[in-house]
Amino acid sequence: MATSTVGLINNWLPPSRANYDLIISLWKWFPVAASLQWLIPWYGMGKTSVTSRLNLPGRVGWLAMECPGFLTLLYTLRTLPSQTLPHHLLATDGLPWQNKVLAGLFVLHYTYRAILFPFLQPSMSPLHLIIFLSGVSFQVINGLAIGSWLGGYGPATQADWASQSGGGTMQFAVGIALFYVGLAANYYHDDELREIRRRAQRRNRNGKVEKHYEIPQAGLFKVMLYPHYFVEWVEWFGFWMAAGWGCVPARSFVLNEVAAMLPRAVKGKKWYVDRFGEEKVKGRWAVIPGIW
């Protein structure tokens, strides 16, 4: 296997094997940094966004923040195999079909989350520059980690898939099904939030509503306030399951998402209580029924 790579940034984009191992090793520590959110009262997007000269327009900022993840993954998949895989593999079918399916799922998620989501929203709050830069960093590193694993540093043949931990066809199929359930539920609950804003716009004669909040009532909103977070975790858990329990980048993605989003949900429940009162929020968990 090649010890160096050539690309947009030699040995980093795409990464050499040594740099990939370094990225994976450091990426495991992201939850430590994300846990600082428990100590910081301010969160610069969504319901707690603030007025600042460092704010970016919501739609444009979101699009630019979320796209680097899948673009990095696609670039890595395009460039890494030709530099790391044996020629006889490239001359036949290239990467296994499982690698291509998983890459397709990653792109499918971000086609919605990065591209469609901001334009489906009736309105979007400004995005603070610090949040934007943090989000871009997360997306690039995550796309690099998963893209490199799919591009040759993980299973590169059918024999590799057969021998790795949790690489069976049934587990792969169940993981894919779980991913699609999470993706569909993610869209459903996002759209319920959008419908709140759309109803307010219909009531408003000029059709413009920048700030309007209600307690959602449909689907899993009946038992939790942030089901769109929960089902996204389900989605990426399915991805990890399909990739195999030994896929460190997929595992890190799930754990990192939980570490980043759980504090927001817990603080978000407090926001709901402060705004609507304990009685109206009563009976709903923040994001994990029966636990939190």
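pLDDT is the predictor's confidence in each residue, on a scale from 0 to 100. The structure described here is a predicted model, and the protein has an average pLDDT of 89, with 90% of the residues scoring at least 70. Confidence varies along the chain: the lowest mean, 60, belongs to helix α5 (residues 87-91), while the highest, 97, belongs to helix α10 (residues 227-243). Where pLDDT is low, the predicted coordinates should not be read in detail.

An unreviewed UniProt entry lists residues 20-40, 60-81, 101-120, 127-150 and 170-189 under "transmembrane region". Two of these listed segments were examined in the model. Over residues 60-81, the chain is 95% helix and 0% strand, and the C-alpha atoms at the two ends are 33 Å apart. Residues 127-150 are 92% helix and 8% strand, with 31 Å between the end C-alpha atoms.

Helix α6 covers residues 97-120. A span of 34 Å is expected for its 24 residues at 1.5 Å a residue, and the distance of 32 Å between its end C-alpha atoms agrees with this. Helix α6 also contains a kink of about 30°, centred on Tyr110. His109 is found in the helix as well, and its relative accessible area of 0% makes it buried. The C-alpha atom of His109 lies 9.5 Å from that of Tyr180, although 71 residues separate the two along the chain.

Aromatic contacts are a recurring feature of the model, which holds 29 aromatic pairs. One of them is formed by Phe106 and Tyr110, whose ring centres are 5.0 Å apart; the planes meet at 45°, so the pair is tilted. Both residues lie in helix α6, 4 residues apart, or about one turn of the helix. Phe106 is buried at a relative accessible area of 0%, and Tyr110 is likewise buried, at 2%. A further pair joins Tyr226 and Tyr229, with ring centres 5.0 Å apart and planes at 45°, so this pair is tilted as well. Tyr226 is buried, with 7% relative accessibility, and Tyr229 is buried with a relative accessible area of 14%.

Phe106 and Tyr110 also belong to an aromatic cluster. The other members of this cluster are Trp27, Phe30, Phe138, Phe179, Tyr180, Trp236, Phe239 and Phe253. Tyr180, a member of the cluster, is the residue whose C-alpha atom is 9.5 Å from that of His109.

Aromatic rings also lie beneath charged groups. The charged end of Arg113 sits over the ring of Phe117, at 4.7 Å from the ring centre. In a second case, Arg194 lies over the face of Tyr187, and the distance to the ring centre is 5.2 Å.

Helix α10 has 17 residues and reaches 24 Å from its first C-alpha to its last, close to the expected 24 Å. Of the 17 residues in α10, 14 are buried, so the helix is largely enclosed by the rest of the structure. Gly244 follows α10 and has a positive phi, near 110°.

Backbone geometry was also examined in the segment before helix α1. Most residues other than glycine have a negative phi, and most peptide bonds are trans. In this model, Leu13 and Pro14 are joined by a cis peptide bond, with omega at about 5°. Pro14 is placed in the segment before α1 (17-27). Asn11 lies in that segment too. Asn11 is not a glycine, yet its phi is positive, at about 70°. With a relative accessible area of 26%, Asn11 is partly exposed.

A contact between distant parts of the chain involves Leu36, in the loop between α2 (30-34) and β1 (55-56). Leu36 is partly exposed, at 46% relative accessibility. The C-alpha atoms of Leu36 and Pro263 are separated by 9.1 Å, whereas along the chain these residues are 227 residues apart.

Definitions and conventions:
Residues numbered from 1 in each chain as written. Predicted model: local features only at pLDDT ≥ 70, side-chain atom pairs only at ≥ 80, totals over all residues. Heavy atoms only, no water. UniProt positions renumbered as here; feature names shortened; annotations may be inferred. Phe/Tyr/Trp six-rings, centres within 6.5 Å; stacked < 30°, edge-to-face > 60°. Buried < 20%, exposed > 50% of the residue type's maximum accessible area, 1.4 Å probe, protein only. Lys NZ or Arg CZ within 6 Å of the ring centre and 35° of its normal. Expected span 1.5 Å × (residues − 1). Bend = angle between axes of the 7 residues up to and from the residue.
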